[in-house]
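User: I would like to go through this model and ask, term by term, what justifies the words used for it. Please set each value against its criterion before you conclude.

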Amino acid sequence: MNKRDKFLGQLRDEARQRGLDVRIERQRGKGGHALIWIGDKVSTIPSREIDPKTARKIRKALGLD
């Protein structure tokens with residue numbers, strides 16, 4: 001499992017602990033990107049490794065920070 005998959009797993013676990021719905025679609029993103037919905041918020045997950053700065057931006061967009 002790479003860092004991207006671990007990051008997605010952490011987001012999924014944290015959202016479920018907060019009682020939020022989670023949906024991840026890998027097919028709809030362009031060029032290997034994935035889309036993630038947490039509650040009513042959506043963000044794009046890049047196909048590359050997720051660095052800390054990108055992780056913070058994604059978490060903020062999804063309302064987890």
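User: What percentage of the 65 residues in the protein is made up of buried residues?

Analyst: The model is a predicted one, and in it buried residues make up 37% of the 65 residues in the protein. A residue enters that share if its relative accessible area is under 20%.

User: What makes the radius of gyration agree with that of a compact globule?

Analyst: For 65 residues a compact globule would be expected to have a radius of gyration near 11 Å, and the protein has 11 Å, so the two agree. The C-alpha atoms, taken along the principal axes, fill a box of roughly 30 × 25 × 20 Å.

User: Which elements does the protein contain, and in what order do they run from the N terminus?

Analyst: There are two helices and three strands, and from the N terminus on they follow the order α-β-β-β-α.

User: How do you know that β2 is largely enclosed by the rest of the structure?

Analyst: Five of the five residues of β2 are buried, and therefore the strand is largely enclosed by the rest of the structure. A34, I36 and I38 point one way from β2, while L35 and W37 point the other way, and all are buried.

User: What makes β2 a paired strand, and which strands does it pair with?

Analyst: Pairing requires at least two bridges between two strands. Four bridges join β1 (residues 22-25) to β2, and five bridges join β2 to β3 (residues 41-45), so both pairs satisfy the criterion of at least two bridges. β1 and β2 run antiparallel, as do β2 and β3. I36 illustrates both pairings, since I24 stands opposite I36 and S43 is the bridge partner of I36 in β3. In the hairpin of β2 and β3, two residues lie between the strands, and G39 takes a positive phi near 65 degrees.

User: Which residues touch the most other members of the largest nonpolar core, and which elements supply it?

Analyst: The core has 13 residues, of which F7, L11, I36, I38, I45, I58 and L62 touch the most other members. At least two residues each come from α1 (3-17), β2 (34-38) and α2 (52-61), and the largest share, four residues, comes from α1. Leaving aside residues up to four places away in sequence, F7 touches I45, I50, A55, I58 and R59.

User: Why are the buried residues of α2 said to be on the same side of the helix?

Analyst: The residues concerned are T54, A55, I58 and R59, which are buried in α2. They cover an arc of only 135 degrees around the axis, which puts them on the same side of α2. In general, an α-helix has 3.6 residues a turn, so residues three or four places apart point the same way. On the other side of α2, K53, R56, K57 and K60 are exposed, whereas what covers the buried residues includes α1 and β3.

User: Why is P52 called exposed?

Analyst: The cut-off for exposed is over 50%, and P52, with a relative accessible area of 58%, is therefore exposed. P52 is found in helix α2.

User: What makes D51 a cap of α2, and which residue follows the helix with a positive phi?

Analyst: A side-chain oxygen of D51 lies 3.1 Å from the backbone nitrogen of K53, at the N-terminal end of α2. A polar contact requires N or O atoms within 3.5 Å, and the 3.1 Å of this pair satisfies that distance limit. After α2 comes G63, whose phi is positive, near 75 degrees.

Conventions: Residues numbered from 1 in each chain as written. Predicted model: local features only at pLDDT ≥ 70, side-chain atom pairs only at ≥ 80, totals over all residues. Heavy atoms only, no water. Core = buried A, V, L, I, M, F, W, Y, C linked by side-chain atoms within 4.5 Å. Buried < 20%, exposed > 50% of the residue type's maximum accessible area, 1.4 Å probe, protein only. Contact = heavy atoms within 4.5 Å. Arc of directions from axis to C-beta. Polar contact = N/O pair within 3.5 Å; in protein donor to acceptor, adjacent residues only side chain to side chain. Rg over C-alpha atoms; globule rule 2.2 N^0.38 Å.
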